[in-house]
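These are my notebook entries from a first reading of one structure, set down in the order in which I looked things up. I kept them terse for a reader who is meeting the structure for the first time.

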Amino acid sequence: VLTIQYIISDSSTSVSNEPITVSPQSGVCYQHSTVGMSSLEFQPSDAAIDQERGILLVPSLSRIMAFSTSDESGQVQTLIDIPGTDLEALTSVNDRLFAIAERSSKSELIELEWNGGLLAVVSRWFIPTPAAEGIAYVPVKDKLYIAGDMQSRLPHERGVIDVYDVPDRNS
């Protein structure tokens with residue numbers, strides 16, 4: 001089971017076949033079934049909700065997968081496969097989607113866009129953050145915060161958070 005810090009917004013407390021809406025609410029968790037998703041095959045490393053499309057986006061190895069948030073049928077759809085990457089995390093910046101791919105000495109920031117019902121790569125940038133593991137967009141600062149692993153043997157010297165400007169479109 002994948003637990004996400006989101007809440008179900010549903011006017012009814014009874015069980016029904018009506019679609020549910022998942023929306024953010026600080027401090028509240030939503031538990032979504034991962035039936036049909038083999039963690040050995042997919043190795044999920046993050047999750048992001050796309051409210052507009054009613055899907056849960058999950059980066060997994062070189063792919064970004066989609067799961068419906070309105071049912072728990074377990075159907076998995078591959079939205080994109082980017083060979084040679086190890087996708088670790090996703091974040092949305094308005095109508096843009098960014099993913100990070102982990103590499104040992106530096107990482108890659110990848111901008112994606114919707115093309116029909118699938119994702120397509122718009123731009124790719126190498127960034128100096130080593131072994132990137134997480135990404136967050138902070139709207140009040142209009143910055144991307146990317147967490148990496150310095151891979152030091154000393155625990156207090158391992159983690160790093162680098163701050164980047166959101167890339168201009170088509171840069």
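**Notebook: strands, salt bridges and confidence**

Entry 1, a pair of facing residues. I began with S92 and looked for its bridge partner in β10, which turned out to be L97. The model I am reading is a predicted one, and I kept that in mind throughout. I then looked at the two strands as a pair and found that β9 and β10, the latter covering residues 96-101, are joined in the antiparallel sense by six bridges.

Entry 2, the sheet around that pair. I followed the pairing outward and recorded an open sheet of four strands, in the order β9-β10-β11-β12, with antiparallel pairing. At its edges stand β9 (87-93) and β12 (118-127), and each of them has a single partner strand, so one side of each is left without a neighbour in the sheet. From one strand to the next, I noted an average twist of 25 degrees.

Entry 3, β11 and β12. I looked up how these two strands are held to one another and found nine bridges between them, with the strands running antiparallel. As an example of a facing pair, I wrote down E113, whose bridge partner in β12 is A120. The hairpin that β11 and β12 make has two residues between the strands, and there I noted G116, which takes a positive phi near 70 degrees.

Entry 4, the salt bridges. How many salt bridges does a search of the whole structure find? I counted six in the result, and I went through some of them one at a time.

The pair I took up at the start was D95 with R169, whose closest N and O atoms are 2.4 Å apart. D95 sits in the loop between β9 and β10, while R169 belongs to the segment after β15 (159-165), so this salt bridge ties together parts that are 74 residues apart in sequence. I also checked how open each partner is: D95 counts as exposed because its relative accessibility is 60%, and R169 counts as partly exposed because its value is 47%.

My next pair was E111 and R96, whose side chains meet in a salt bridge with 2.7 Å from N to O. This pair links distant parts of the chain, since E111 is in strand β11 (residues 107-115) and R96 is in strand β10, 15 residues apart. Are these two residues buried or exposed? I found that E111 is buried and that R96 is buried as well.

I then turned to E108 and R124, which form a salt bridge at 2.5 Å from N to O. Here too distant parts of the chain are linked, with E108 in strand β11 and R124 in strand β12, 16 residues apart. E108 has a relative accessible area of 2%, so I entered it as buried, whereas R124, with 40%, is partly exposed. I added that R103, E108 and R124 are joined into one network by salt bridges that share partners.

Entry 5, the other sheet I looked up. Three strands form an open sheet in the order β13-β14-β15, again with antiparallel pairing. Its edges are β13 (134-138) and β15, and because each has a single partner strand, one side of each is left without a neighbour in the sheet. The average twist from one strand to the next is 25 degrees. I found five bridges between β13 and strand β14 (residues 143-149), which pair in the antiparallel sense, and I noted that Y137 stands opposite L144 in β14.

Entry 6, the chain as a whole. I recorded one helix and 15 strands for the protein chain, and I noted that 40% of its 171 residues count as buried. The chain exposes about 9700 Å², and carbon and sulfur atoms supply 48% of that area. Among contacts between residues at least 6 apart in sequence, 39% join residues at least 24 apart.

Entry 7, confidence. The chain averages a pLDDT of 79, and 73% of the residues score at least 70. Which element has the lowest mean pLDDT, and which the highest? I found the lowest, 38, in strand β2 (residues 7-9) and the highest, 95, in β12. Over residues 1-19 the pLDDT is below 50, although this stretch has 43 contacts in the model beyond near neighbours in sequence. Where pLDDT is low, the predicted coordinates should not be read in detail.

Notes. Residues are numbered from 1 along each chain as its sequence is written. This is a predicted model: local features need pLDDT of at least 70, side-chain atom pairs count only at pLDDT 80 or more; totals for chains, interfaces and linings use all residues. Side-chain values use heavy atoms; hydrogens and water are left out. Two strands pair if DSSP finds at least two bridges between them. Axes are lines fitted to C-alpha atoms, for helices over the stretch in contact, and angles run from 0 to 180 degrees between N-to-C directions. Buried means under 20% relative accessible area, exposed over 50%, partly exposed in between (1.4 Å probe, protein chains only). Contact means heavy atoms within 4.5 Å. Accessible areas come from the Shrake-Rupley method with a 1.4 Å probe; for residues, only the protein chains shown count as cover. pLDDT is the predictor's confidence in each residue, from 0 to 100.
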